[in-house]
Amino acid sequence: MSFTTKILTPAQVGEGAELLRQGQCLAFPTETVYGLGANALDEEAVARIFSAKNRPADNPLIIHVAATSQLYQLVEPWDSQVQLLMDTYWPGPLTLVLPKTKAVPYIVTGGLESVGVRIPDHPLALELLRQADLPIAAPSANTSGRPSPTRANHVLEDMAGRIPAVLDGGPTGVGLESTVLDCTSRPFRILRPGAVTLEDLAKLVPVEQDAGQLTHDEAPRSPGMKYRHYSPQARVELVVGGRSLETISSLAQDYLGQGLRVAVMATSDRQQSFPGIIFLDMGSPGQFQEAAARIYDLLRQSDQAGCQVVLIEGVADQHLGRAIMNRLSKAAGTNVIFT
Ligand code: TXA
Ligand code: MG
């Protein structure tokens, strides 16, 4: 179906809630990225999400609720360790994968017996969820494979004409999708790193990082991990290690010599090393939160600028840096250069 996509202001949140109650899709802000929501208990409504995004049917959706009381109908009773995580991190950027009840349609879970749930930490999202008074299934509001949207205009770049409306809450805070934690077995397992880090979780519960390695005969634990992700049009090369600055300089010269349009993405202290080259500024060195909030916008900017190659300097693979490196490596695919 084709729409004239409406931009709703925060004051029009009631109109957004009404669309959701009518079984339509709505893009809305959360503290992580913009989501594309629909009534999780309405299979037709959920099908609209998959078609607007061109999302593979086996990639499950996260259900968003305003309060834990809404979870009784969605997931089986949980234990004290799970409760501790809810008490500590909700509302917040932590998705808990738990055994689902019969009420949750398989279209939401991609056929799995488990479902991801979270309470988002964003006043407008919470207001929307309260007014709609429904559990809302919502993946990130990008076309499948593209960088997740952190601003309403990113949503429009991908979804204009494909959805009835986007609720504009300005730029999102965290900038990377929630941590996905599988709580269906022990130790708990991080399927996707995010702003609630391995280090944070390990203080509360036994937890390990999923290796994320795919073998031919083993289904991935988080189906979303097998797809190419977060990719701009350009070829992305991620450079890590002690000689990354020199390596990026020489790669940039090579590509420029081939007549290609090149951008460098790195922390602001690096800018002076790349005069005359499009520079995508990840923020102050060591400030993971700044980088996390910016990287999807920067990848989209590289498209706007018509870049053919984006050379990215990696960050330290710890705390929030793990989530940043996870998204950058996926954007780079196999083009990761160790120096
Ligand atoms: O921050 C976020 O999580 C955003 C906002 C909108 O809440 N949502 C988001 O959704 O990033 P999406 O669909 O783009 O990513 C959901 C991820 C996928 O990698 C999916 O495979 C995984 O969560 N996932 C969802 N349900 C799962 C389940 N039952 N078992 C394993 N992985 C699951
Ligand atoms: Mg996504």
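In this predicted model, K100 lies over the face of Y106, at 4.2 Å from the ring centre. Aromatic rings also meet one another: a search of the whole structure finds 2 aromatic pairs. In one of them, the ring centres of Y72 and W78 are 5.6 Å apart and the planes stand at 0°, so this pair is stacked. Its two partners differ in burial, as Y72 has a relative accessible area of 58% and is exposed, while W78, with 19%, is buried. The cut-off matters for W78, because buried means under 20% relative accessible area.

The other pair joins Y230 and Y296, which are likewise stacked, with 5.5 Å from centre to centre and 25° between the planes. Y230 is buried, with a relative accessible area of 4%, and Y296 counts as buried at 0%. Y230 belongs to the loop between β11 (207-209) and β12, whereas Y296 sits in helix α9 (residues 288-304), so the contact ties together parts that are 66 residues apart in sequence.

The loop that holds Y230 leads to β12, a strand of the sheet described next. This open sheet has 5 strands in the order β14-β13-β15-β12-β16, and the pairing is parallel. In general, strands of a sheet pair through backbone hydrogen bonds, either parallel or antiparallel. At the edges are β14 (278-281) and β16 (336-338), each of which pairs on one side only. From one strand to the next, the twist averages 20°.

The sheet can be followed from the β14 edge. Strand β13 (residues 262-266) pairs with β14 in the parallel sense over 4 bridges, and A263 has I278 in β14 as its bridge partner. Further along, β12 and β15 are parallel partners over 5 bridges; here V239 is matched with E313 in β15. β12 also pairs with β16, again in the parallel sense, over 3 bridges, with F338 in β16 as the bridge partner of V240. Of the 6 residues of β12, 5 are buried, so the strand is largely enclosed by the rest of the structure.

Helices contribute to these surroundings. Helix α8 (residues 244-257) lies across β12 (235-240), β13, β15 (309-313) and β16, and runs at about 175° to β15. Helix α10 (residues 320-332) also packs on the sheet, where it touches β12, β15 and β16; its direction makes about 135° with that of β12.

What remains is the nonpolar interior. In soluble globular proteins, nonpolar side chains tend to be buried together. The largest nonpolar core in this model has 47 residues, and the members that touch the most others are L36, I63, L71, L94, L96, L181 and L201. Elements giving two or more residues to this core are the helices α2 (43-53), α3 (80-89) and α6 (152-159), together with the strands β3 (35-39), β5 (94-99), β6 (114-118) and β10 (188-192). The largest share, 5 residues, comes from α2.

L71 gives a closer view of the packing. Apart from neighbours within four places in sequence, L71 is in contact with V65, W78, M86, W90 and V117. One of these contacts, W78, is the buried ring that stacks with Y72.

A second core, separate from the largest one, has 29 residues, among them V33, M265, V310 and L328. M265 falls within the span of β13, V310 within that of β15 and L328 within that of helix α10.

Definitions and conventions. Residues are numbered from 1 along each chain as its sequence is written. Chains are lettered from A and ligands numbered from 1 in the order in which they are written. This is a predicted model: local features need pLDDT of at least 70, side-chain atom pairs count only at pLDDT 80 or more; totals for chains, interfaces and linings use all residues. Side-chain values use heavy atoms; hydrogens and water are left out. A nonpolar core is a set of buried Ala, Val, Leu, Ile, Met, Phe, Trp, Tyr and Cys residues joined through side-chain atoms within 4.5 Å. Buried means under 20% relative accessible area, exposed over 50%, partly exposed in between (1.4 Å probe, protein chains only). Contact means heavy atoms within 4.5 Å. Two strands pair if DSSP finds at least two bridges between them. Axes are lines fitted to C-alpha atoms, for helices over the stretch in contact, and angles run from 0 to 180 degrees between N-to-C directions. Rings of Phe, Tyr and Trp (its six-membered ring) pair if their centres lie within 6.5 Å; planes under 30 degrees apart count as stacked, over 60 as edge-to-face and the rest as tilted. A charge sits over a ring if NZ of Lys or CZ of Arg is within 6 Å of the ring centre and within 35 degrees of the ring normal.
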